[in-house]
Amino acid sequence: MSIKATITAISHYVPEDILSNSDLEKLVDTNDEWIKSRTGISERRILKKGATSDLAFPAVQNILKQRNISPLEIDTIIVATVTPDMFFPSTACILQEKIGAKNAFAFDLNAACSGFLYALVVGSQMIESGSQKKVLVVGADKMSSILNYKDRNTCILFGDGAGAVLLEPSEDETFGVLDNRLYSDGSGKDFLYMKGGGSLNPATHETVDQQLHYIFQDGKSVFKVAVIGMADVSAELMTRNNLTSENIDWLVPHQANLRIIDACAERMGIDKSKVMINIERYGNTTAATIPLCLSEWWHARKIIKGQNIILSSFGAGYTWGAVYLRWSLDPPTN
Ligand code: UT7
C-alpha cells in the first residue's frame with residue numbers, strides 16, 4: 001500500500017484593517033467601477049503592523065488547537081511566500097520559534113502565486129516517502145509591504161493574508177493529495193517581478209529612487225498566459241485521473257482576477273457554482289489565496305468528505321500548476 005498525504009487540519013488568518021476601492025480612489029486615479037469590473041475586487045485586508053510571520057502565526061496556532069497537538073509534534077514547516085519577514089533567516093524559522101516547534105526543520109519556498117501548490121506537493125512527497133509524519137504547509141504574504149500605493153496598475157490588486165494546512169499520512173490511500181502537475185517558465189521574469197534588493201540590484205539610494213523595491217506587472221501579458229496555463233494544467237490533471245467536469249466537486253483557482261477565474265472555469269467546463277471565489281473580499285494574497293479559500297469553505301461546512309477538488313494556480317516566474325485532492329477531513333465541530 002502506498003502512503004498518501006492528507007489535510008488533517010486547516011486554518012487561515014486575515015488582518016482586521018480593510019482597504020476598500022473607495023479608499024484607493026483617494027490614493028490613485030481609479031474608481032470602484034473599474035476595479036470591480038476588471039478584477040472582481042471590492043476590498044482587501046492590510047496588516048498595518050507586523051510581518052508575514054505575524055499573518056502565518058494565528059493560522060498555525062489554530063491548526064495546533066484544531067488537531068489538538070503539541071507544536072513539538074511538528075516535523076517540518078514550509079512557508080511559501082514572496083514577502084518574507086527578511087531575506088534570512090527564513091520566515092519558516094521565525095514561525096518555528098514563535099510557535100515553539102522545536103523538533104521541526106523549517107524552510108521557505110518561493111514560487112509566488114503558485115507557492116502554496118509547490119509547497120503542498122513538496123510537503124506531500126515528504127509524507128509519501130515515510131520520512132515525515134506532520135508537515136505544516138503555509139501560504140502567507142504581506143503584499144502591502146512591496147506595493148507602490150501610487151501605481152494604480154498594481155496597488156488595487158493585492159492584499160495581505162495567510163492560509164495553512166497540516167499534512168499527515170492518510171489512513172486510506174484513495175484520499176488526500178492524489179496527483180499534481182507543476183510547471184515553470186523563466187521567460188516570465190520580464191512580465192512580473194520586483195527587481196530591487198536582491199543580488200542583482202542590492203538596495204541603494206538609486207534603487208529606491210527608481211522604485212525597484214516595488215512589484216512591477218505587465219498585466220495584459222500575464223492575463224493571457226494565466227488563463228491558458230491554469231485551464232490547461234487543470235485539464236491535464238482531469239484527463240489523467242479520469243475526471244470529468246461532473247465529478248469534480250470544487251475548483252479552487254488562484255484569486256488574481258475574477259475574469260481569469262471565470263475564463264479558466266469555462267475552458268474546463270466547470271459550473272460557476274463549483275468554483276471557490278473570495279477575491280471580492282481579499283484581492284490577490286499571492287501564496288495565501290488557495291488555502292484561504294479552502295479554509296473558509298471548510299469552516300462554512302461546504303466541503304464534504306470524499307469530494308474531488310482541483311487546486312490551480314498561476315504566478316510570477318512563471319510558475320503554474322494543479323493539484324488533485326480527495327477531501328478526507330470531517331466538518332468542524334463548532
Ligand atoms: O497573481 C499573479 C498573476 N497575475 C495575474 O494573473 C494578473 C493578470 N492581469 C490582470 O489581472 C489584468 O491585466 C489587470 C487587472 C492587471 C489589468 O486589467 P486589463 O483589463 O488588462 O487593463 P489594462 O492594463 O489593459 O488597462 C486598460 C485601461 C488602460 O487605459 P487605456 O490605455 O485603455 O486608456 C489603463 O491605463 O485601464 C487603465 N487602468 C486603470 N484605470 C482605472 C489601469 N489600471 C487602472 C486602474 N483604475 N486601477
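This is a short tour of the structure, stop by stop, with something to select at each one.

Before you click: this is a predicted model, in which local features need pLDDT of at least 70 and side-chain atom pairs count only at pLDDT 80 or more, while totals for chains, interfaces and linings use all residues. Residues are numbered from 1 along each chain as its sequence is written, and side-chain values use heavy atoms, with hydrogens and water left out.

**Stop 1: a four-stranded sheet**

Select strands 8, 13, 12 and 11, which make an open sheet in that order, with mixed pairing. Helices (H or I, at least four residues) and strands (E, at least two) are DSSP runs numbered from the N terminus, and two strands pair if DSSP finds at least two bridges between them. At the edges you'll find strand 8 (176-184) and strand 11 (250-253); each has a single partner strand, so one side of each is left without a neighbour in the sheet. On average, neighbouring strands here are turned by 10° against each other, direction ignored. Such angles are taken between axes, which are lines fitted to C-alpha atoms (for helices over the stretch in contact), and run from 0 to 180 degrees between N-to-C directions.

Now zoom in on strand 12 (residues 308-315) and strand 13 (residues 319-326), an antiparallel pair with eight bridges. Look for Gly315, with Thr319 of strand 13 opposite. In the loop between these two strands sits Tyr318, and the peptide bond leading to Tyr318 from Gly317 is cis, with omega near 0°.

Next, add helix 5 (residues 115-128), which lies across strand 8, strand 12 and strand 13 and runs at about 130° to strand 8.

**Stop 2: some backbone oddities**

Most residues other than glycine have a negative phi, and most peptide bonds are trans. Jump to Phe88 and Pro89, which are joined by a cis peptide bond with omega at about 0°. Pro89 belongs to the loop between strand 4 (76-80) and helix 4 (91-99).

Then pick Asn68, in the loop between helix 3 (52-67) and strand 4. Asn68 is not a glycine, yet its phi is positive, about 55°. Is Asn68 buried or exposed? Its relative accessibility is 69%, so Asn68 counts as exposed. The cut-offs are under 20% relative accessible area for buried, over 50% for exposed and in between for partly exposed (1.4 Å probe, protein chains only).

**Stop 3: helix 10 and what follows**

Select helix 10 (289-299), and the loop between helix 10 and strand 12, where Arg301 sits. Ten of the eleven residues of helix 10 are buried, so this helix is largely enclosed by the rest of the structure. Among the buried ones are Leu292, Cys293, Trp297 and Trp298.

Arg301 comes after helix 10 and has a positive phi, near 60°. With 44% relative accessibility, Arg301 counts as partly exposed.

Stay here and add Pro332, from the segment after strand 13. Leaving out residues up to four places away in sequence, Pro332 touches Trp298, His299 and Arg301; contact means heavy atoms within 4.5 Å. Pro332 is buried, at 7% relative accessible area. For a sense of scale, draw a line from Pro332 to Asp23: their C-alpha atoms are 35 Å apart, with the two positions 309 residues apart along the chain.

**Stop 4: empty space**

On a 1 Å grid over the protein atoms alone, a cavity is a set of points where a 1.4 Å probe fits but cannot get out; a pocket is an open set with protein on both sides within 12 Å along at least five of seven lines, and lining residues have an atom within 4 Å of a point. Grid points are joined across faces, edges and corners, and a volume is the space filled by probe spheres set on the points.

The second largest pocket has a volume of about 650 Å³. Of its 24 lining residues, Thr8, Gln66, Arg67, Leu329 and Asp330 lie nearest the centre. Which strand gives the most to this lining? Strand 1 does, with five residues.

How many cavities of 30 Å³ or more does the whole structure hold? The search finds one, with about 40 Å³ of space inside. Select its lining: Thr6, Ile7, Gly176, Leu325, Arg326, Trp327, Ser328 and Leu329. Strand 1 and strand 13 each supply at least two of these lining residues.
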